[in-house]
Amino acid sequence: MCDNCVKHGEGKKWFLQAKNYSDELLADLRRRRYIQEFFAHQARQVGKAEPMELLRRVPKLLRPLVDTVITGRLRRDHFGQVVTLEETREIVLMVSKVVRLPCVCRRITLRQERRYCLGFILSPNSLGALELIDPSYWDGPDGPGLEMLTRAEALTLLEEFNAEGLVHSVWTFKTPFIGGLCNCTPTECRAMLGNLTYDLTVLHPGESIVRLNRATCLNCGACANRCWFGALSFDRGARRLELNQAKCYGCGLCTVTCPTQALDLIPRRW
Ligand code: SF4
Ligand code: SF4
Ligand code: SF4
């Protein structure tokens with residue numbers, strides 16, 4: 001169990017607790033302002049140079065300090081954690097409505113509107129965090145920008161995202177309030193880019209970790225192509241699959257590719 005499970009999940013997975021999606025948390029005015037400012041800030045980033053590039057100019061000696069400050073602030077305000085497809089299903093079954101909305105990062109990195117983010121609504125009559133976002137961000141409820149999904153549609157969409165090789169993650173707006181579920185690859189996701197290119201901890205590993213059964217592995221290498229985090233690699237010379245568990249984020253994308261079920265997810269020991 002991670003810190004959030006201890007603090008906000010009563011020892012269970014914190015992102016499966018309905019209270020962390022509730023209007024009660026959203027009633028906090030500081031949190032409401034944070035959400036408004038978050039989306040306004042992201043809109044201002046479109047067309048600008050990636051601010052994380054500035055990290056390359058930080059002297060080596062100061063880098064650990066800068067990383068601690070940035071990741072500490074993110075943990076508090078905008079914490080992201082990888083979740084498996086199965087966990088996304090549990091979340092969808094817990095909330096009352098799911099809304100599909102334009103991906104913040106893809107607007108900036110691809111300069112395109114791609115609807116890969118899902119927002120959750122717990123109370124049936126509320127738009128939750130979504131009502132706080134400036135209307136210019138989309139064309140209104142049920143317009144092309146903000147699309148209400150039925151549970152069945154949301155579950156199908158998540159399966160399609162998973163088949164596309166997208167990593168699922170939940171995100172807070174002032175932890176522990178969970179405002180949405182993202183579906184990403186490092187090509188367009190600024191969070192994954194932060195982890196994999198700029199060596200920051202923007203996205204945190206999930207509650208699971210992969211396990212390999214050597215006895216049933218065919219060393220075909222198919223799973224290695226699904227891993228964005230470098231935990232699986234295929235040694236072509238030795239024709240052998242290599243697993244570095246320390247790099248595993250527990251996304252589960254590799255497990256569905258394996259023809260012999262040689263990979264499975266087990267609880268992570270933090
Ligand atoms: S974290 Fe992923 S889905 Fe969320 S805004 Fe960024 S790229 Fe889009
Ligand atoms: S090894 Fe599998 S579960 Fe772990 S990060 Fe890579 S794809 Fe995800
Ligand atoms: S896909 Fe399965 S059988 Fe193929 S290398 Fe990976 S674990 Fe082994």
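**Domains**

I started with the overall layout: the protein chain splits into domain 1 (3-204) and domain 2 (208-267). I'm noting right away that this is a predicted model. Taken over C-alpha atoms, the centres of the two domains are 27 Å apart. I then looked up who takes part in the contact, and found 8 residues from domain 1 and 9 residues from domain 2. I sorted the domain 1 side by class: 5 nonpolar, 3 polar and no charged residues touch domain 2.

**Core**

Which residues have the most contacts inside the largest nonpolar core? I got Val95, Phe120, Cys184 and Cys254, in a core of 65 residues. Both domain 1 (3-204) and domain 2 (208-267) give residues to this core, so it lies between them.

I followed up on Val95. Leaving out residues up to four places away in sequence, I find Val95 touching Tyr21, Phe120, Ile121 and Leu122. Phe120 is thus on two of my lists: it is a partner of Val95, and it is also among the residues with the most contacts in the core.

**Ligand 1**

I count 13 residues around ligand 1, and the ones that come nearest are Cys103, Cys105, Cys182, Cys184 and Cys189. Three elements give two or more residues to this shell: α6 (104-109), β6 (178-184) and α8 (190-196). By class I have 9 nonpolar, 1 polar and 3 charged residues in the shell. Cys184 goes down twice in my notes, once as one of the nearest residues to ligand 1 and once for its contacts in the core.

**Ligand 2**

Around ligand 2 I also looked up the shell, which has 13 residues. The closest are Cys227, Ala231, Cys248, Cys251 and Cys254. The classes here are 10 nonpolar, 2 polar and 1 charged. Cys254 is another double entry: it is one of the closest residues to ligand 2 and is listed for its contacts in the core.

**Helix α5**

Next I checked which residues of helix α5 (residues 85-94) are buried, and wrote down Glu87, Thr88, Ile91 and Val92. Why do I put them on the same side of α5? Because they cover an arc of only 140 degrees around the axis. Glu86 and Leu93 are exposed on the other side of α5.

What covers the buried residues of α5? My list includes the strands β1 (80-83), β2 (97-101), β3 (117-121), β5 (167-172) and β6, plus α7 (151-163). β6 had already come up in my ligand 1 entry, as one of the elements giving residues to that shell.

**Backbone oddities**

I went through the backbone angles last. The peptide bond from Thr175 to Pro176 is cis, and I have omega near 15 degrees for it. Pro176 is in the loop between β5 and β6.

I also picked up two residues other than glycine with positive phi. For Glu10, phi is near 50 degrees. Glu10 is in the loop between α1 (3-8) and α2 (23-26). Is Glu10 buried or exposed? I have Glu10 down as exposed, because 10 other C-beta atoms lie within 10 Å, and the cut-off for exposed is 12 or fewer.

The other one is Arg239, with phi near 50 degrees. I find Arg239 in the loop between β9 (232-235) and β10 (240-243). Arg239 is exposed too, with 10 other C-beta atoms within 10 Å.

Conventions. Residues numbered from 1 in each chain as written. Chains lettered and ligands numbered in written order. Predicted model: local features only at pLDDT ≥ 70, side-chain atom pairs only at ≥ 80, totals over all residues. Near = placed C-beta within 6 Å. Helix = DSSP H or I, 4+ residues; strand = E, 2+ residues; numbered from the N terminus. Nonpolar A, V, L, I, M, F, W, Y, C, P; charged D, E, K, R; others polar. Domains from an automatic or database assignment. Contact = placed C-beta atoms within 7 Å. Buried ≥ 20, exposed ≤ 12 C-beta atoms within 10 Å, placed from the backbone. Arc of directions from axis to C-beta. Core = buried A, V, L, I, M, F, W, Y, C linked by C-beta atoms within 7 Å.
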